[in-house]
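Hi everyone, thanks for making the time. Please have a look at the model on the screen, and then I'll walk you through a few spots.

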Amino acid sequence: NFYGTTFSGGEFGNGTLFRISPSGNLTNLYSFGSSPTDGINPHSKLLIGPDGTFYGTTENGGVYTLGTIFKFEICDPSINTTSVILTQVGTAATVNVSAQLPNCPWTAVSNDGFITITSAGSSSGNGVVSYTVATNTVSTPRLGTMTIAGQTFTVVQYGVGCGYLLVATNANVSADGGSNVVSVITPAGCNWTATSDSSFLTIISGSNGTGSGMVGYQFDANTNTL
């Protein structure tokens, strides 16, 4: 990630500290001027100390309104993987969390009832999130998520026998025409087919498969006004 400051702007108009990811996503991490004694208008470039912490100065603000020295600890905890595929039998598993600083806090929350977090619902620094997944007693695979350190962890669990799950059951697409894909989830050895029921939709790949796979389809341009 790339980090920097702006002299003005932000929530209070007094500058920001921001992060830009390699893919170009911009996140405002801090708006200067949150309190009467906060530093405002950061002016110098950020410097990295030997402890991995950013340091900088503001031109104005502070107790005497003549500027401040501030530090910013990088707190970007991450998880070692973002998804898992499990059999229909209930099981226990873990997700590793890595943090650049030992006092970097993070939380872990289950967003679905069949997933239970059994340890490390919240912690700081490096850690391990333990969770259990209940047995899936029906044929349809199911998909659930946990939010760990601000990131989505997806759990896909097969059902009994050859059940099938589409990751998406609808799509909003451009009027100009184009192509898209649909993910099919099913245990290994389970056969399936894909056909189009509409004249403007054409299957271009994955018309049949065994086990989990992808169906590619093409859609014609829509020249209607409605």
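**Strands, a disulfide and some odd residues**

Let me start with a pair of residues: Ala-108 sits across from Ile-148, which belongs to E15. A word on labels: strands (E, at least two residues) and helices (H or I, at least four) are DSSP runs, numbered from the N terminus.

Before going on, the housekeeping. This is a predicted model, where local features need pLDDT of at least 70 and side-chain atom pairs count only at pLDDT 80 or more, while totals for chains, interfaces and linings use all residues. Residues are numbered from 1 along each chain as its sequence is written, and side-chain values use heavy atoms, with hydrogens and water left out.

Back to our pair. The strands here are E11, residues 105-110, and E15, residues 142-148, and they pair in the antiparallel sense over 3 bridges. By pairing I mean that DSSP finds at least two bridges between the two strands. Is Ile-148 buried or exposed? Ile-148 is buried, with a relative accessible area of 0%. For that label, buried means under 20% relative accessible area, exposed means over 50%, and partly exposed is in between, using a 1.4 Å probe and protein chains only. You can also find Val-129 from here: its C-alpha atom is 8.3 Å from that of Ile-148, and the two residues are 19 apart along the chain.

E11 has another partner as well. E11 and E13 pair in the antiparallel sense over 3 bridges, and Pro-105 has Ser-124 in E13 as its bridge partner.

Now zoom out to the sheet. In which order do the 5 strands of this open sheet come? The order is E9-E16-E15-E11-E13, and the pairing is mixed. E9 (83-86) and E13 (122-124) stand at the edges with a single partner strand each, so one side of each has no neighbour in the sheet. From one strand to the next, the twist averages 20°; the axes behind such angles are lines fitted to C-alpha atoms, for helices over the stretch in contact, and angles run from 0 to 180 degrees between N-to-C directions.

There is another open sheet to look at. Its 4 strands follow the order E17-E18-E22-E20, with antiparallel pairing. At the edges are E17 and E20 (201-205), each with a single partner strand, so each has one side without a neighbour in the sheet. E20 is joined to E22, residues 213-219, by 4 bridges, and these strands run antiparallel. Within that pair, Leu-201 stands opposite Phe-219 in E22.

Next, the cysteines. How many disulfides does a search of the whole structure find? The search finds 1 disulfide, where the term means a pair of cysteine sulfur atoms within 2.5 Å. The link joins Cys-162 to Cys-190, with an S to S distance of 2.1 Å. Cys-162 is in the loop between E16 (151-157) and E17 (165-166), and Cys-190 is in the loop between E18 (178-185) and E19 (191-193), so the disulfide ties together parts 28 residues apart in sequence. The angle about the S-S bond is -85°, making the link of Cys-162 and Cys-190 left-handed. Cys-162 is partly exposed at 44% relative accessible area, whereas Cys-190 is buried at 3%.

On to backbone angles. Most residues other than glycine have a negative phi. Here, Asn-41 has a positive phi of about 60° although it is not a glycine. Asn-41 is in strand E4, residues 39-42, and counts as buried at 9% relative accessibility. Thr-65, also not a glycine, has a positive phi of about 60°. Where is Thr-65 found? Thr-65 lies in the loop between E6 (54-61) and E7 (68-72), and is exposed, with a relative accessible area of 54%.

Last stop, Glu-73. This residue is in the loop between E7 and E8 (78-79), and at 32% relative accessibility Glu-73 is partly exposed. If you want a distance to try on screen, the C-alpha atoms of Glu-73 and Tyr-131 are separated by 29 Å, and these residues are 58 apart along the chain.

That's the tour, thanks for listening!
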